[in-house]
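Q: Could you walk me through reading a structure like this one, feature by feature?
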Amino acid sequence: MSGQALSSLTRSKTLRERALVALRTAITTGQYRPGDHLGEVEIAEHLSVSRGTVREALRHLQQEGLVTAGARGMLRVSQLTPTEVRELFQVREALEGLAVAQIIASPRRQEAAEALRKALEKLHDAFESGADLTAKVEADLGFHLLLCELSGNSILLKTWRQLEGPMRVVIMSAAGERRDVAMSATSHAPIADAIARGDAAAAKEILHAHMTSAIEQLGIEHEGTRETA
């Protein structure tokens, strides 16, 4: 990606945090692609900040799993292997399955189901209105984030959010049409319906099918076959 995609930042006391947000956004929205080199000098020039500020931001992004140090310490956008991506979805399924169980066990189950259906409306609107990919991904992951928030489990939510950055990169890097199928409101609606019925077993089964389908639609299953060939 050319440095032009990064906007220069106005100097402020929160300059380090703003540089971090700018870089994280550039990575998770696909402006930087997996494997792209992240040069301190170029980034510092385009953000109008010091190399030290950029270095701190990149170090933080390494801790988030979005940036990886390669040969000679060169930093690149993390590129997950097909196996790592499948494992990422498996962990997400485990976390969201627990969230579903805790929502259904809650006396506010119906309220939660209604909130999820409203999130589905936003997802549906994003596709029907022809919104850009970033907005679609935001609406898609927004549904899953809400699912975790409604569980009332703060550790579950914190753990899920640690996966959010890598998940955004995976989705943004997938092929267009298949990616849209994985993110469609239709593929999410049965989860909310099962929660409304209070059927934990069905909800978890639907969630498993959703994650399995997402792996297939994003082309991960095919790549994994090639990887082990």
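A: Sure, and keep in mind that this is a predicted model. Let's start with helix α6, residues 133-150: its 18 residues reach 26 Å from the first C-alpha to the last, close to the 26 Å expected at 1.5 Å a residue.

Q: Which residues of α6 are buried?
A: A general idea helps here: an α-helix has 3.6 residues a turn, so residues three or four places apart point the same way. In α6 the buried set is K136, V137, A139, D140, L141, F143, H144, L145, L146, L147 and C148.

Q: What happens just after α6?
A: Look at the backbone there: G152 takes a positive phi of about 75 degrees.

Q: How do I read salt bridges, and how many are there in the whole structure?
A: Side chains of opposite charge can pair when their charged atoms come close. A search of the whole structure turns up eleven salt bridges. Take R168 and E138, whose side chains meet at 3.1 Å, N to O. R168 sits in helix α7 (residues 154-173) and E138 in helix α6, so this pair ties together parts that are 30 residues apart in sequence.

Q: Are R168 and E138 buried or exposed?
A: Buried means under 20% relative accessible area. R168 counts as buried because its relative accessibility is 13%, whereas E138, at 43%, is partly exposed. The two also belong to a network of salt bridges that links E138, R161, E164 and R168.

Q: Which parts of the chain does the pair E40 and R55 link?
A: First the contact: the side chains of E40 and R55 form a salt bridge at 3.1 Å, N to O. The pair links distant parts of the chain, with E40 in helix α2 (residues 40-47) and R55 in helix α3 (residues 51-63), 15 residues apart. E40 is buried at 17% relative accessible area, while R55 is partly exposed at 34%.

Q: Which residues form the negative surface patch?
A: That patch is made of E114, E121, D125 and E128. E114 belongs to helix α5 (residues 109-128) and, at 39% relative accessibility, counts as partly exposed.

Q: What about contacts between residues far apart along the chain?
A: Compare sequence separation with C-alpha distance. L95, in helix α4 (residues 82-104), is 64 residues from T159 along the chain, yet their C-alpha atoms are separated by 8.2 Å. L95 is buried, with a relative accessible area of 13%. Then there's D199, in the loop between α9 (185-197) and α10 (200-217): its C-alpha is 7.5 Å from that of I104, 95 residues away along the chain.

Definitions and conventions
Residues numbered from 1 in each chain as written. Predicted model: local features only at pLDDT ≥ 70, side-chain atom pairs only at ≥ 80, totals over all residues. Heavy atoms only, no water. Patch = residues over 30% accessible without salt bridge, like charges linked within 9 Å, V, L, I, M, F, W, Y side chains within 5 Å. Areas by Shrake-Rupley, 256 points an atom, 1.4 Å probe, with all protein chains shown as cover. Salt bridge = Lys/Arg side-chain N within 4 Å of Asp/Glu carboxyl O. Lys, Arg positive; Asp, Glu negative; His and termini not counted. Charge placed at Lys NZ, Arg CZ, Asp CG, Glu CD. Helix = DSSP H or I, 4+ residues; strand = E, 2+ residues; numbered from the N terminus. Buried < 20%, exposed > 50% of the residue type's maximum accessible area, 1.4 Å probe, protein only. Expected span 1.5 Å × (residues − 1).
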